Amino acid sequence: MRRKYDIRNKRSFLVILILMVLVVFVFSLFIYKYTKALKVEYLIESGAIIQDTDKNYIQVDDDAKLKIRWNDNYYLVYQDKEISLGKKVIVYNEITGSLKLYGDFYEIQEDGKIVKNVDETILPNTTNTKFYKLADREYLVVDREIKSSDNNVQASNYLLVELDKLGNAKLSNNKVNLKTITPTILVTAKYRFDINNEIINFGNYDIDLKKIIGTTNQYVPEEEDDDDGTDNGAGNSSGNNQVGSNGGSGSGVVNNGGSGNDNSDIEDIKDKTKMTSVVRVTSGLSQIDVDYVVYDPYNEYKSVYVEILKDGKLEVIYLSKNDTHVVFDNLAPDTMYELSFVYTTADDSGEIIRNTFDKMNVTTKKPEYSIEVYKVSSVNNTITYKVYLESGYKVDNIKVNLSFDYYEVDPTDGSTVKKSASIDDNLIVSENLKYIMGTFDISGYNIDKNTQLKLSVVNVLGSFGTIDINSSYSFKFGR
């Protein structure tokens, strides 16, 4: 009996040892990927069009940066926001005509060879016809002119093709957004792409794209018509398409995150990933960006969610166990929010037990505004000023104040009396601008040339109310 007991102990010890080795390996791999991801950065130039994870197109008007997270998800750092883009990113520049791909793209070449493109793939223009498989039922067609065999679909430069399981496809780019409802063939300068059957033909032979990383496409082509010998499947279909809304190149942005803290302490992150926890929190003007880890190997958690108090109401956002990132948006700037991270379990009687694994207060960023004197006219006695606005944050009204000393003659004895004045000016902001200008008329004041004037942005009125701004600019009227 003692010998059997020793054997059981040894087996238990061996199992524990193996589990410890696996845990060390997993978290070592995580730390390696995290530190490697911190070094990856790509410049996205003005004029670029990018699609976020919610299929919204983002127009990049200023230079931006593309970075990658430790879980291989890309995100765009643009106008003090972090925008989630997913594991594959297509960047088309309307100014240069270039196309850049980020992530894993399987290029199918004319000779049937398959080339896996990783990280960054640059196409200086779209005249060089290309074809890529991105994932299951997802393709990218590249050519200067793309059309369907019946001319019902016409597109330029590139077209993203996303099939559902029945073989219908969504076709989209920065100008086109439509859905096919019948078999469709896309035609380019070098190949024909039978969408529903996932077959590409370069002229001499067909390539079955379903065999490349597999497919879940359940489309079954119609049988041939024996009376006239024509094929009712995708090959000779009229391919009518139902046109949806224009995809456009609007600047609508979602999943906005704060500017990431790339200097996060590695040891702290390593400790946090050993259990269900929050790894990192960053804030922007109107969003809070959270990286988290859910460790539930035995699937014991009934739910995982975050409670956030917004406008006096408690809002609950459920988290995915398989994801590691969430963004809380539509928040007020310069406001503190209390976040409670919760997972629930059930006891033996089935009663739900609440467990708070993290709780914190996070404050969104305050918009930054600066002001300067643009022109001083001693002849007209006017001061023209310029207020630089917070990029990416829309406001409706800006109040500017000018304070100064002036001199007034006392009519009773003719003596000079020094007084102080304060003038307010209200500016209406009708659109997103980099700056806005206004003018103060000071012709009614006898200002000494050496008097120091103070120009201030007093407050800003946006969709969330008034924000007090501490930004001022002092100057001498006589300079």
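The points below concern the packing, the aromatic pairs and the charged contacts of this predicted model.

1. The largest nonpolar core has 30 residues, and those with the most contacts inside it are Val387, Ile398, Val400, Phe404 and Leu455. At least two residues of this core come from each of the strands β30 (370-377), β31 (382-388), β32 (395-409), β33 (416-428), β34 (435-441), β35 (452-462) and β36 (465-476). The strand that gives the most to this core is β32, with six residues.

2. Valine 400 deserves a separate look. Leaving aside residues up to four places away in sequence, valine 400 touches Ile371, Tyr385, Val387, Ile423, Asp424, Asp425, Leu427, Phe440, Leu455, Ser456 and Val458. Two of the core residues with the most contacts, Val387 and Leu455, are thus among the residues that valine 400 touches.

3. A second core, separate from the one above, has 23 residues and includes Phe131, Tyr139, Tyr191 and Phe193. These four names return in an aromatic cluster, which is formed by Phe131, Tyr139, Tyr191, Phe193 and Phe202.

4. Over the whole structure, a search finds 18 aromatic pairs. One of them joins tyrosine 74 and tyrosine 102, with 6.2 Å from centre to centre and 55 degrees between the planes, and this pair is classed as tilted. Tyrosine 74 belongs to strand β5 (residues 74-78) and tyrosine 102 to strand β8 (residues 99-102), so the pair ties together parts that lie 28 residues apart in sequence. Both rings belong to buried residues: tyrosine 74 has a relative accessible area of 4%, and tyrosine 102 has one of 0%.

5. Arginine 69 takes part in contacts of two kinds. Its charged end sits over the ring of tyrosine 75, 4.2 Å from the ring centre, and arginine 69 also forms a salt bridge with aspartate 289, in which the closest N and O atoms are 3.6 Å apart. Because arginine 69 lies in the loop between β4 and β5 while aspartate 289 lies in strand β24 (residues 288-293), this salt bridge ties together parts that are 220 residues apart in sequence. Arginine 69 and aspartate 289 are both buried.

6. The search for salt bridges over the whole structure finds 22. Glutamate 408 and lysine 419 supply one of these, with their side chains meeting at 2.8 Å, N to O. This pair links distant parts of the chain, given that glutamate 408 is in strand β32 and lysine 419 is in strand β33, eleven residues apart. Glutamate 408 is partly exposed at a relative accessible area of 35%, and lysine 419 is likewise partly exposed, at 32%. Elsewhere, salt bridges with shared partners join Arg69, Glu82, Arg280, Asp289 and Asp291 into one network.

7. Aspartate 136 and arginine 137 also form a salt bridge, and here the closest N and O atoms are 3.7 Å apart. The two partners fall into separate accessibility classes, since aspartate 136 counts as partly exposed at 29% relative accessibility, whereas arginine 137 counts as buried at 16%.

8. A further charge over a ring involves lysine 386, which lies over the face of tyrosine 435 at 4.4 Å from the ring centre.

9. Which residues does the side chain of serine 148 reach through polar contacts? This side chain makes a polar contact of 2.5 Å with the side chain of aspartate 150, and it reaches the backbone nitrogen of asparagine 152 at 3.0 Å. Serine 148 is placed in strand β13 (residues 138-148) and counts as buried, with 1% relative accessibility. When residues up to four places away in sequence are not counted, serine 148 touches Val153, Thr184, Ile185, Leu186 and Val187.

10. Lysine 65, in strand β4 (residues 64-68), is partly exposed, with a relative accessible area of 39%. The side chain of lysine 65 makes a polar contact with the side chain of glutamate 41 at 3.5 Å. With residues up to four places away in sequence left out, lysine 65 touches Glu41, Tyr42, Ile44, Tyr75, Leu76 and Val77. Lysine 65 and glutamate 82 are 17 residues apart in sequence, and their C-alpha atoms are 9.7 Å apart in space.

How values were computed. Residues numbered from 1 in each chain as written. Predicted model: local features only at pLDDT ≥ 70, side-chain atom pairs only at ≥ 80, totals over all residues. Heavy atoms only, no water. Core = buried A, V, L, I, M, F, W, Y, C linked by side-chain atoms within 4.5 Å. Buried < 20%, exposed > 50% of the residue type's maximum accessible area, 1.4 Å probe, protein only. Helix = DSSP H or I, 4+ residues; strand = E, 2+ residues; numbered from the N terminus. Contact = heavy atoms within 4.5 Å. Phe/Tyr/Trp six-rings, centres within 6.5 Å; stacked < 30°, edge-to-face > 60°. Lys NZ or Arg CZ within 6 Å of the ring centre and 35° of its normal. Polar contact = N/O pair within 3.5 Å; in protein donor to acceptor, adjacent residues only side chain to side chain. Salt bridge = Lys/Arg side-chain N within 4 Å of Asp/Glu carboxyl O.
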